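Let's learn to read a protein structure together, one feature at a time. Have a look at this one.

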Amino acid sequence: MRKIPIYNHPAAGWPALISSTRTLMDYQAFSRGSASVFKSNQPNGGFDCPGCAWPDHKSHKSIDVCENGIKVLASETMTSKADAQFFARHTVTELQGWSGYELEHSGRLSEPVYYDVTQDRYIPIAWEEAYKIIAIQLGQLDSPDEALFYTSGRVTNEPAFMYQLFVRCFGTNNLPDCSNMCHEPTSVMLSKQLGVGKATVKLEDFGQAKLILMFGQNPATNHPRMLELLAHAHEQGCRTISINPMREQGSNKFKNPQNPMHMATAQSSAVIDEVIQVQIGGDAALLTGIAKWLTENDKINHDFISTHTSGFEPLHQWLAKQSWADITLGCGISQEDIIGVAELVAASPATTCTWGMGITQHVQGDDNVSMITNLLLLMGMIGIDGAGASPVRGHSNVQWDRTMGIHERPSQNLLDSLERVFERPMPQEDGFDVVTGAKAMINGKIKAFMGMGGNYAVAAPDTSAIQQALTTTQLNIFVGTKLNETMLYPGANNLILPCLGRTERITTAKGEQFATVEDSMCQVVRTQGKLQPISDTLKSEAQIVANIATHVLGADTSIPWQAMSEDFDIVRDYIAQAIDGLEDFNERIRTTERGFHLYHPARHHVWNTDSGKAQFEVPQYPITYVAAKMAQANSFSRNEPSESNGVNNHENNEQKIWQLTSVRSHDQFNTMIFGYQDRYRQTNRRDVLFMHPDEISRLGWQKGDSIIVSRQDNPSSVNSTTRPRTLGPLILTEMDIASNAVAAYYPECNDLFDLDTHAPHSHIPAYKSTTVALERITAETKTINPA
């Protein structure tokens, strides 16, 4: 066995402080960014960090922001501008060739611009003229359903509520958002099984848990503030198990930057007790094995099951039929090790299951979430201290945007409530989500696109096809703070409308305004930027929505759009009338320093499900789904002739089939690329393919080899039935990852994924489990054309 290079230092500590400082300086944001650090996640006039949705500490901390949060703040508070002078220097065609890193560092958007096809440049446009173009183009659509209105989780509650209201008043439910690409299985399955698609735990539960099972997440990179809670839980005697195909080195130990003893000495806190290196796509199989052992050995909570649940018997029968041979084949973990985890579950009086996108972004993502929920229900771990479901969402307000009505499949209760409050009909047909909306755009059914934040084309699968489709629309509107790739594929009319950032002051005729957000544990808090806006021409998202609504809807509305954009209290009063659980919103948000917790029925054993009880669910996919898919792909590749083109296959001239998963680097937030350092994985480039060193040796390959990655399962897409899906060349890099598995960086690998491969109910794209073949480029290779 080859020695695996590991990062031997604790997470955070001095390297995090040094990296944060360098990023602030790289963005030329040291002054504005540093000032923002001290206001991030602070009560009484502070703002909520846009870097993740992890809850704020209840006790006051003078600095309550992590390394990733500081990098996001650096991006937002940079002083350079992508203004008229910038666009005069660069054509759109030129900018299309820029990397995500270069676009991210181009500067803050500071004035509205319009694409001039004759110059191939964005040119300045007055706000009023931009609104007129939007009104004319939307007014010329044959149907409101020809428009797609996307939302990013960075949008705060008040403009999100206004946005969905405008879209529905316009006449469509085409309201996809970034939930469709990250935690949609969580929303769908928790709603079906527990009645609410959100976490059942509070932050305090982590201090009372006796067992924490972490599925498919990397807190050291994606939500570092979680490490402090995990370290504290460990100190309290809680056992923490990471279930992940990758042994993420940053999660082993934690050096708290706010602990003087940690920073002055070699001290650090343990975080993870054990890593279960499940095969990619094998989580449901592992959970099946745990549940099978618990039921067969009568280690389940019969009282809870009989009192609070429905559907146990079908699940029990299904578990009995699953063989241990299939379970171990499906997850890659031995029966003995699975039983070891099951015994820990059986012995724990308080178990919390927490998960990230390593669970959700699979074809069987719905099954993964349902099996986690099944496990919690079997043990009665909903509604007791220290236990429950804890999905960890990566975007700061994506959960609340859904609460505000940003949903392509709205509940009838929401539509009825909006009709009652605003005295006008609401569209009843379900709208497009990210996947169906992208396919409709590619097929010419979408004539107008509006993005309220985000980087739609690059975040979604089939990036190049969506970018091409954007060039065929009549209208594209992009509201944001930074330039990104999606904005560079203009249709007939293309507008970029710059908005204020989370760190900046919102001042209207009614004075300074504060907004609100919801974290991933249902806590609603205030957020109020204090920095002077980077440009006098910026508008708040609420102002932009109000002005568009006024121009598009005209006299056909009695809704006081302008008053709402100037006084957020008016928006919150409407929210209190229209959204269940937010009665007296203005009073509640003002009378508590750290906000308030939304009532969660399941936490109180109230089940708003079809059966009136918590619901067990039988998985839809076989637990050997991934293994069977790989076997089928292997069989196909053996029967296909090899086209070498200077590429050297394995010694027996057969392609080896792997499961590829996408990962984010430590210098990245979603599609925003801050830099090229991935400290914990010890690489400083993004064109890499991660593989276990034992697998590299077995193939006769070497670290640093150039590899071409080719999609094997379902290579066709809605836009082409013949286009090959290849990526590379990528540089082979060592990582402690499960066998039969490789990893590459998102979003660079997105063209390997297609819009047709997704979970059946949630439509989540399969970013985390795609079957690929690998080919090494030899010295004889003359040319190779990456996709």
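Below, a learner asks about a few features and a teacher answers.

Q: Before we start, what kind of model is this, and how are residues numbered?
A: It's a predicted model, where local features need pLDDT of at least 70 and side-chain atom pairs count only at pLDDT 80 or more, while totals for chains, interfaces and linings use all residues. Residues are numbered from 1 along each chain as its sequence is written, and side-chain values use heavy atoms, with hydrogens and water left out.

Q: How do I read a helix, say helix 21, and which of its residues are buried?
A: An α-helix has 3.6 residues a turn, so residues three or four places apart point the same way. Helices are DSSP runs of H or I with at least four residues, strands are runs of E with at least two, and both are numbered from the N terminus. Buried means under 20% relative accessible area, exposed over 50%, and partly exposed in between (1.4 Å probe, protein chains only). Helix 21 covers residues 412-422, and its buried residues are L414, L415, S417, L418, V421 and F422. Looking down the axis of helix 21, these fall within an arc of 160 degrees, so they line one face of the helix (the arc is that of the directions from the helix axis to the C-beta atoms).

Q: What do the buried residues of helix 21 pack against?
A: They pack against helix 8 (157-170) and helix 27 (568-578). Contact here means heavy atoms within 4.5 Å. Just after helix 21, E423 takes a positive phi of about 50 degrees.

Q: How about sheets: what is the order of the strands in the open sheet of 5 strands?
A: Strands of a sheet pair through backbone hydrogen bonds, either parallel or antiparallel. Two strands count as paired if DSSP finds at least two bridges between them. In this open sheet the order is 11-8-7-13-14, with parallel pairing. Strand 11 (274-276) and strand 14 (388-391) are the edge strands, each pairing on one side only. From one strand to the next, the twist averages 20 degrees (axes are lines fitted to C-alpha atoms, for helices over the stretch in contact, and angles run from 0 to 180 degrees between N-to-C directions).

Q: Which helix packs on the sheet?
A: That's helix 17 (residues 335-347), which touches strand 7, strand 8 (239-243), strand 11 and strand 13. Its direction makes about 135 degrees with that of strand 7. Strand 7 (residues 211-215) also pairs with strand 13 (residues 351-355) over 5 bridges, and M214 stands opposite T354 in strand 13.

Q: What about empty space: which residues lie nearest the centre of the largest pocket?
A: On a 1 Å grid over the protein atoms alone, a pocket is an open set of points with protein on both sides within 12 Å along at least five of seven lines, and lining residues have an atom within 4 Å of a point. Grid points are joined across faces, edges and corners, and a volume is the space filled by probe spheres set on the points. The largest pocket holds about 1,400 Å³. It's lined by 37 residues, with S191, G195, V196, G197 and S411 nearest its centre. Helix 9 (184-194), helix 20 (398-403) and helix 21 each give two or more residues to that lining, and helix 9 gives the most, with 5.

Q: Last one: is P112 buried or exposed?
A: P112 is buried, at 5% relative accessibility. You'll find P112 in the loop between strand 3 (108-109) and strand 4 (113-116).

Notes. On a 1 Å grid over the protein atoms alone, a cavity is a set of points where a 1.4 Å probe fits but cannot get out, and a pocket is an open set with protein on both sides within 12 Å along at least five of seven lines; lining residues have an atom within 4 Å of a point.
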